[in-house]
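Hi,

Here is the structure I promised to pass on. Have a look at it first, and my notes on what turned up follow below.

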Amino acid sequence: MITDSATLEKVAKSRADTPACDTVVHFDNAGSSLPPRQVVDRVVRHLRREESVGGYIAADEVRDELDDGYATLARLVGARPEEIAITDSATRSWLSLFTAVRWREGDRVLTAAPEYSSNLIAMLSVARELGVSVERVPSTEEGDLDLDGLRAMLDDRVRMVAITHAPSNGGLVQPVERIGEIVADSPALFLVDACQSIGQIPIDFDAVRADALSATGRKFLRAPRGTGFLAVRRSVLDELTPSHVDLASGSIEDSRVRLRDDARRFELFERNVAAVLGLGEAARYYLDAGPQWVHDYVTELAEHLRGLLGELPGVAVTDIGSRRSGIVSFRAGTTPARDLVATLRDRGVHVTVSHASSTPWDMESRGLDELVRASVHHYNTPDEVSRFCEEVASALR
Ligand SMILES: *Cc1c(COP(=O)(O)O)cnc(C)c1O
């Protein structure tokens with residue numbers, strides 16, 4: 001485990017910024033992280049201002065900061081500010097992109113086994129209505145997307161390749177750079193669900209060659225709930241007509257709708273301004289903390305957790321993939337995941353249940369029904385990992 005003094009100092013700062021570290025062991029950063037106090041303070045301060053002067057004046061006063069939020073999110077993913085739309089969730093971001101494609105009968109969409117259920121539901125709905133075929137790219141034995149399999153499936157009818165970077169049920173980090181390289185040789189759009197990777201794995205829009213990328217605020221980015229964003233490459237905007245538009249997404253000229261020529265054509269006018277300010281603050285906080293350091297630490301802490309968990313009698317770590325994220329999933333013998341999660345919660349230890357319904361194709365193909373999911377961040381420590389494993393062992397006795 002990394003225990004050099006520079007790392008310990010950074011972790012100590014992260015913990016000092018996260019007051020709840022004193023009272024709980026929070027291993028649910030894949031569900032909803034503990035936000036840093038800077039984020040909460042920013043939100044509350046704006047709500048107080050709205051209380052004093054009303055929402056419009058309060059928003060006017062922070063116009064520069066709101067603009068700066070786009071630049072910060074752009075920096076976060078290596079995109080340009082005009083390629084960012086702020087939304088209220090990852091699903092909203094993903095759906096607004098997916099439904100903006102002008103699908104034609106006979107189009108093909110390629111995705112992978114661990115795809116998130118909400119994305120699959122959208123794909124399969126379009127498939128049913130419009131005669132689009134949704135196909136699963138095979139996985140390697142380790143669980144990664146099979147790159148040769150992808151190459152073999154691509155042809156001119158593939159309109160989109162939609163891949164989740166870090167699936168929500170544990171382990172796997174898909175090789176999105178290599179996938180992007182392959183997709184770039186075809187006419188398909190490459191849509192990356194970065195919901196679980198943003199905030200724990202550095203992402204570069206250009207290196208991934210993604211056409212669009214969706215993300216949420218509340219998970220590893222540690223922003224308020226009800227926030228998310230979408231990055232869309234400028235060059236593909238003209239191919240995309242959002243299904244929901246209003247006076248913020250476009251204007252009326254001679255009785256014709258003219259959409260904005262930046263990614264904000266995917267936004268609507270109304271938003272929770274306080275939460276959006278919190279999103280910007282969270283992105284700044286993460287960039288200041290240092291994405292590479294965060295990634296190295298989280299990866300190592302998660303591996304440490306896998307190692308200790310694997311030694312507990314009756315516990316089986318179920319993570320797949322040749323490269324792994326900060327999300328650790330396991331089965332605890334015959335103890336139902338929800339029972340173990342509830343017992344741990346009573347002891348101030350927070351993890352969640354990963355249900356088959358969230359990642360149905362992967363869970364079904366591996367014969368899994370539900371898992372316990374423990375997801376660590378840069379405010380968590382090796383001591384907490386030890387404490388966690390002791391609590392699991394004790395709960396199972
Ligand atoms: C949680 C999750 C989502 C959905 O995020 P929301 O912000 O709840 O819409 C999408 N994709 C993945 C991989 C997720 O884990």
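**Salt bridges, the sheet and its helices**

R108 and D155 form a salt bridge, with their closest N and O atoms 2.9 Å apart. Since R108 sits in strand β3 and D155 in the loop between α7 (147–153) and β5, the pair ties together parts that are 47 residues apart in sequence. The two ends differ in how they meet the surroundings: R108 is buried, at a relative accessible area of 8%, whereas D155 is partly exposed at 31%. Do keep in mind that this is a predicted model.

Side chains of opposite charge can pair when their charged atoms come close. Searching the whole structure gives 32 salt bridges, and a few others deserve a mention.

- R234 and D261 meet through their side chains in a salt bridge, 3.7 Å from N to O. R234 is in the loop between β8 and β9 (250–253) and D261 in the loop between β10 (256–259) and α10 (273–289), so this pair ties together parts that are 27 residues apart in sequence. R234 is partly exposed, with 32% relative accessibility, and D261 is partly exposed too, with 49%.
- D60 has a salt bridge to R63, where the closest N and O atoms are 3.0 Å apart. D60 is partly exposed, its relative accessible area being 47%.
- A network of salt bridges links R42, E65, D68, E281 and R284.

Now for the sheet. It is open and has 7 strands, in the order β2-β8-β7-β6-β5-β3-β4, with mixed pairing. What leaves one side of β2 and of β4 without a neighbour in the sheet? β2 (84–87) and β4 (133–137) stand at the edges and have a single partner strand each, so one side of each stays free of a neighbour there. On average, neighbouring strands of this sheet are turned by 20 degrees against each other, with direction ignored.

At the β4 end, strand β3 (residues 108–112) runs parallel to β4, and 5 bridges join them. One residue pair to look up there is T111 with its bridge partner R136 in β4. R108, from the salt bridge with D155, is in this β3 strand as well.

Two helices lie across the sheet strands:

- Helix α4 (residues 63–77) lies across β2, β7 (212–216) and β8 (228–232), and runs at about 110 degrees to β2.
- Helix α5 (residues 90–98) lies across β2, β5 (158–164), β6 (189–193), β7 and β8, and runs at about 155 degrees to β7.

Then there is a helix pair. Helix α2 (residues 37–53) packs with α10 at an angle of about 155 degrees, their axes being 8 Å apart. That makes the two helices roughly antiparallel, and α2 passes α10 in a right-handed crossing. On the α2 side, the contact is made by Q38, V39, R42, V43, H46, L47 and E50. On the α10 side, V273, A274, A275, L277, G278, E281, A282 and Y285 make the contact. R42 and E281, both in this contact, also belong to the salt-bridge network with E65, D68 and R284.

Last, a stray item: D296 is found in helix α11 (residues 291–310), and D296 is partly exposed with a relative accessible area of 36%. From D296 to I182 the C-alpha to C-alpha distance is 27 Å, and the two are 114 residues apart in sequence.

Cheers

Notes: Residues are numbered from 1 along each chain as its sequence is written. This is a predicted model: local features need pLDDT of at least 70, side-chain atom pairs count only at pLDDT 80 or more; totals for chains, interfaces and linings use all residues. Side-chain values use heavy atoms; hydrogens and water are left out. Two strands pair if DSSP finds at least two bridges between them. Helices (H or I, at least four residues) and strands (E, at least two) are DSSP runs, numbered from the N terminus. Axes are lines fitted to C-alpha atoms, for helices over the stretch in contact, and angles run from 0 to 180 degrees between N-to-C directions. Contact means heavy atoms within 4.5 Å. A salt bridge is a side-chain nitrogen of Lys or Arg within 4 Å of a carboxyl oxygen of Asp or Glu. Buried means under 20% relative accessible area, exposed over 50%, partly exposed in between (1.4 Å probe, protein chains only). Angles under 35 degrees count as roughly parallel, over 145 as roughly antiparallel, 65 to 115 as roughly perpendicular and the rest as oblique. A crossing is left-handed if the near helix is turned anticlockwise from the far one by less than a right angle, and right-handed if clockwise.
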